Amino acid sequence: MTDILAVADHRRGELRDVSYEIITAGRQLADETGGDLHLAVISGTVDDFAEKLNRDGVDAIHTVSHGEEFNHDVYTQTITQLYDELAPQYVLTPNSVNGLDYAPAVANQLDLPIVTDTVDLDNDGETLVATREMYGGKVETTNELSGDAVITIRGAEWPAAEGTGDAAIEAFEADIDEDAVGSTVNGFEEVGGGDVDISEADLLVSIGRGIEEEENLDLIRDLADALGATLSSSRPIVDNGWLPKNRQVGQSGKVVTPDVYIAIGISGAVQHVAGMKGSDTIVAINTDPNAPIMDIADYAIVDDLFDVVPELIDEFQ
């Protein structure tokens with residue numbers, strides 16, 4: 001009978017979706033181990049966060065009021081102290097920008113193994129099997145762990161916890177060594193790129209490296225205009241400077257859930273798929289029938305985008 005410690009994720013005063021998903025993952029493990037699910041809420045408006053996260057399946061919520069924004073050293077110290085206090089078998093953290101910042105440090109300090117970016121977890125009472133994807137989602141690997149471990153979970157792989165819970169909410173008095181806190185957040189600067197919020201779009205036309213050249217973006221813009229859609233992209237397009245950062249879909253961009261997502265020339269790397277797999281209908285246009293994007297597409301067109309897109313424009317203009 002072993003407990004689970006999960007850590008909530010927030011940025012800029014808002015809880016991230018993965019905070020609700022990690023409850024589902026943690027509850028699953030707690031049921032398999034016969035233990036309780038503890039949830040840590042660190043920094044920010046912790047009382048408000050705790051109230052929102054008090055969902056079915058959570059046994060206890062531990063709040064740590066220390067600063068408004070994420071801080072590596074505060075999180076690392078707090079989680080290691082919670083681990084010593086609660087003695088959980090598994091520490092679950094989001095595979096997010098914040099989670100990937102502190103999780104390795106926590107594992108190092110506690111001398112525990114760490115498995116990152118997991119998409120499935122299964123415990124038979126003795127061994128935890130953590131599943132990860134590799135090579136752009138083409139291969140699944142399983143990692144067997146027989147003792148305590150730190151696990152980061154990929155967002156959008158577990159459903160969000162629902163219902164109203166009755167967890168005990170308690171303030172945890174973490175002993176933060178201020179001399180060991182090496183940085184603080186002084187402010188935020190918005191990335192340029194206009195006022196388009198792709199996360200609010202109902203119809204997205206998204207482009208990847210298959211576009212080949214920047215000037216070919218005009219063709220995709222014509223399609224977006226014909227459909228009344230918003231233009232978005234995978235990371236390589238942003239890295240090349242062809243579109244601004246606010247157009248990027250994926251783990252390092254924005255998570256989108258449009259009614260229709262048209263992926264053009266996008267192979268479907270796991271980081272990109274994590275940001276758009278929640279779309280209601282996914283249409284993929286790619287010359288490679290084995291591209292990972294085809295595995296999640298509702299409709300797949302195996303053809304050259306430079307032949308397909310003009311036909312679509314003519315159809316919808």
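Let me begin with Ala40, which lies in strand E4, residues 37–42, where strands (E, at least two residues) and helices (H or I, at least four) are DSSP runs numbered from the N terminus. Ala40 is buried, because its relative accessible area is 0%; buried here means under 20% relative accessible area, exposed means over 50%, and partly exposed is what falls in between, with a 1.4 Å probe and protein chains only. The areas themselves come from the Shrake-Rupley method with a 1.4 Å probe, and for residues only the protein chains shown count as cover. From Ala40 to Ala171 there are 131 residues in sequence, yet the two C-alpha atoms are 9.9 Å apart in space.

Before I go on, a word on the source: this is a predicted model, in which local features need pLDDT of at least 70 and side-chain atom pairs count only at pLDDT 80 or more, whereas totals for chains, interfaces and linings use all residues. Residues are numbered from 1 along each chain as its sequence is written, and side-chain values use heavy atoms, with hydrogens and water left out.

Staying with the backbone, Ser43 is found in the loop between E4 and H2, and it has a positive phi of about 70° although it is not a glycine. Ser43 counts as buried because its relative accessibility is 0%. Asp117, in strand E7, residues 114–123, likewise is not a glycine and has a positive phi, here of about 55°. With a relative accessible area of 11%, Asp117 is buried, and we shall meet this residue again among the charges.

As a second distance, take Lys52, placed in helix H2, residues 46–53, which counts as partly exposed at 40% relative accessibility. The C-alpha atoms of Lys52 and Asp177 are separated by 29 Å, with these positions 125 residues apart along the chain.

Now to the aromatic side chains. Rings of Phe, Tyr and Trp, taking the six-membered ring of Trp, are paired if their centres lie within 6.5 Å, and planes under 30 degrees apart count as stacked, over 60 as edge-to-face and the rest as tilted. By this rule the count is 3 aromatic pairs. Phe70 and Tyr102 have ring centres 6.0 Å apart and planes at 40°, so this pair is tilted. It links distant parts of the chain, since Phe70 sits in the loop between strand E5 (60–64) and helix H3 (72–86) while Tyr102 sits in helix H4 (residues 99–110), 32 residues apart. Both Phe70 and Tyr102 are buried. The rings of Tyr75 and Tyr102 have centres 5.2 Å apart and planes at 40°, so that pair is tilted as well. Because Tyr75 lies in helix H3 and Tyr102 in helix H4, the pair ties together parts 27 residues apart in sequence. Tyr75 and Tyr102 are both buried, and Phe70, Tyr75 and Tyr102 form one aromatic cluster.

What about the charges? A salt bridge is taken as a side-chain nitrogen of Lys or Arg within 4 Å of a carboxyl oxygen of Asp or Glu, and the count by this rule comes to 10. One of them joins Arg154 to Glu157, whose closest N and O atoms are 3.6 Å apart. Arg154 counts as buried at 2% relative accessibility, whereas Glu157, with a relative accessible area of 23%, is partly exposed.

Another salt bridge, 3.0 Å from N to O, brings together the side chains of Asp197 and Lys254. This pair links distant parts of the chain, 57 residues apart: Asp197 is in the loop between strand E11 (168–171) and E12, and Lys254 is in the loop between helix H6 (235–239) and strand E14 (260–264). Asp197 is partly exposed, with a relative accessible area of 31%, and Lys254 is partly exposed at 29% relative accessibility.

In helix H5, Arg221 and Asp218 are 3 residues apart, so about one helical turn separates them, and their side chains meet in a salt bridge of 3.4 Å, N to O. Arg221 is partly exposed, with a relative accessible area of 33%, and Asp218 is partly exposed at 47% relative accessibility. Salt bridges that share partners also join Asp117, Glu133, Arg154, Glu157 and Lys277 into one network.
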